[in-house]
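Student: I would like a close look at one part of this model, starting with a single residue in a loop and working outwards from there. Could you take me through it slowly and explain each term as it comes up?

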Amino acid sequence: MSRTDAERRGELRDQVVRLYRANRRQGHAEWRGADYDYTCPSAETYPFQWFWDSCFHAIVLSRLDPPRAEAEIATLLLAQRDDGFIPHMVRWADDPRDSDPDAPYRIAGEQPRLSSSMQPPILAEAVAAVAEHGRGAAFLREVLPAVRRYYDWCLRERDGDGDGLITIFDPHESGMDQTPAYDALLGIEGDDPAAFEAAWRRIGQSNEALGQDPARIVERDVFVVADVAVNVLYAENQLVMSRLLSVSGDHDAAGALEERGRRTVASLFDRCWSNGDQDFHALAGQAQHMLPAGTLAGLLPILLEDLPADRADRIARRLEDPADYGTAFPAPSVSVANPAYRAAPAGGTVLWRGPTWINTNWYIARGLRRHGRDDLADRIAASSLALIERSGFREHYDARTSQGYGARDFAWSALALEMARD
Ligand code: GLC
């Protein structure tokens, strides 16, 4: 690394430290009888604790402040239900925005402070990072039983047919709320924010009416999707979990998790891949019909070590093609060849329909390295750093111009620091 690069990294690190200081939320939650300590995604826009955001925050904190990284995980686990489920959002403290019907977040749940939705199950990766840079096996001993209950919940409640793929029951369970992958299923054309609101309300009300019961939700089949991104992350995290269990000496459980992870990988490769358009597709409903592809979810299988070389090559080529995902500031959340691609978020609020996100870049860069494409991974890491230098820690960025959009001081964009290290 030349001196200039080292200096740029040092500046980024200082900015991340300041950002994480400003977004830290600590206090006592009477309703839980416990102290909390988490990082909010954005003080202005997302004041609460979100599941996959917190996992990313713990990964960033693992090298900056290991005790605080542990607290981030411990606070997430405080919200765990007895059956293992962890909500996608937790309102630890009261906030004046709670009563704002137009607040830029949604929460539906049987309990006003906890949502009943999940988010991409990346907890094992976060726990692995925190253990690696902190107290290692001692930390694992403390948290692994709860983390295992969480992955058992995923299997029991979301993989009813045992095919290895978990299903989501609401678009925002994917973490990629308005991705065009679901447009056809939702009956949405264009990107009018009100159309998404209406579709989400319909699904939310249906799930509520069914008592959030997975079997009944699957049977009613309003929105039951085996999402590609969610399942790539589920596969990877089961394999990480297997390694953690093995480190902690629980070899039987480690073997079981490895087998579960391999089943997820095999189903993704067999069932979600189309030879026709050479892309990965989400599967909808009991009939498991393929939904349209052409979104970034189809690039994420690069993360999986067992991805066949020809498919890995195709993903790399798509990332290099300016008419596909190879924009000036990759990787756009939708291929520019997809008619649904938009450079900027419609109404300022419609997400995951074109702009580049730093969390998905982090996954793609790591995946490229696993498949021997350090050159391309370096480019994505450099471009992620450039996005932050030009536009700050924003929620997402114009993939062609680098203009920032959405929430400001957005904490998971600090993953660019992780990428600068790899
Ligand atoms: C948006 C994103 C979601 C994220 C949340 C909080 O809803 O789509 O992935 O968890 O904001 O940052």
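Tutor: Ser-402 sits in the loop between the strands β10 (396-397) and β11 (404-405), where helices (H or I, at least four residues) and strands (E, at least two) are DSSP runs, numbered from the N terminus. This is a predicted model, in which local features need pLDDT of at least 70 and side-chain atom pairs count only at pLDDT 80 or more, while totals for chains, interfaces and linings use all residues. Residues are numbered from 1 along each chain as its sequence is written, and side-chain values use heavy atoms, with hydrogens and water left out.

The phi angle of Ser-402 is near 80°, a positive value in a residue other than glycine. With a relative accessible area of 4%, Ser-402 is buried; buried means under 20% relative accessible area, exposed means over 50%, and partly exposed is in between, using a 1.4 Å probe and protein chains only. Further along, Asp-409 lies in the loop between β11 and α14 (415-421), and its phi, near 50°, is again positive in a residue other than glycine. Asp-409 is partly exposed, however, at a relative accessible area of 46%. A further backbone feature is the cis peptide bond that joins Pro-330 and Ala-331, with omega about -5°, and Ala-331 belongs to the loop between α11 (309-320) and α12 (358-370).

From Asp-409 we can turn to the aromatic residues. One aromatic cluster includes Phe-410 and Trp-412, and among its other members are Tyr-46, Trp-352, Trp-362 and Tyr-363. A pair of aromatic rings is described by the distance of the centres and the angle of the planes. Rings of Phe, Tyr and Trp (its six-membered ring) pair if their centres lie within 6.5 Å; planes under 30 degrees apart count as stacked, over 60 as edge-to-face and the rest as tilted. By this rule the structure holds 22 aromatic pairs. The centres of the Tyr-182 and Phe-223 rings are 5.1 Å apart and their planes stand at 85°, so this pair is edge-to-face. Because Tyr-182 is in the loop between α5 (137-158) and α6 (183-186), and Phe-223 in the loop between α8 (214-220) and β5 (225-226), the pair ties together parts that are 41 residues apart in sequence. Both Tyr-182 and Phe-223 are buried.

Within the cluster, Trp-362 and Tyr-363 make a tilted pair, at 4.9 Å centre to centre with 55° between the planes. Trp-362 counts as buried because its relative accessibility is 5%, and Tyr-363, at 1%, is buried too. Trp-362 also has a charged neighbour, since Arg-366 lies over the face of its ring, at 4.2 Å from the ring centre; a charge sits over a ring if NZ of Lys or CZ of Arg is within 6 Å of the ring centre and within 35 degrees of the ring normal. Elsewhere, Arg-158 lies over the face of Phe-169, at 4.0 Å from the ring centre.

Two residues of the cluster, Tyr-46 and Trp-352, lead us to the ligand. Trp-352 is one of the residues that come nearest among the 13 around the ligand, together with Asp-53, Gln-119, Gly-175 and Asp-177; a residue is near a molecule or strand if one of its heavy atoms lies within 4 Å of it. By class, this shell has 8 nonpolar, 2 polar and 3 charged residues, where Ala, Val, Leu, Ile, Met, Phe, Trp, Tyr, Cys and Pro count as nonpolar, Asp, Glu, Lys and Arg as charged, and the others, Gly among them, as polar.

A polar contact is a pair of N or O atoms within 3.5 Å; within protein, one must be able to donate a hydrogen and the other to accept it, and residues adjacent in sequence count only if both atoms are side-chain atoms. An N or O atom in the side chain of Tyr-46 is 3.4 Å from a ligand oxygen, whereas for Gly-175 a backbone N or O atom lies 2.6 Å from an oxygen atom of the ligand. The side chain of Asp-177 has an N or O atom 2.8 Å from a ligand oxygen. Taken alone the ligand exposes 310 Å², and the protein buries 95% of that, with accessible areas from the Shrake-Rupley method with a 1.4 Å probe; for residues, only the protein chains shown count as cover.
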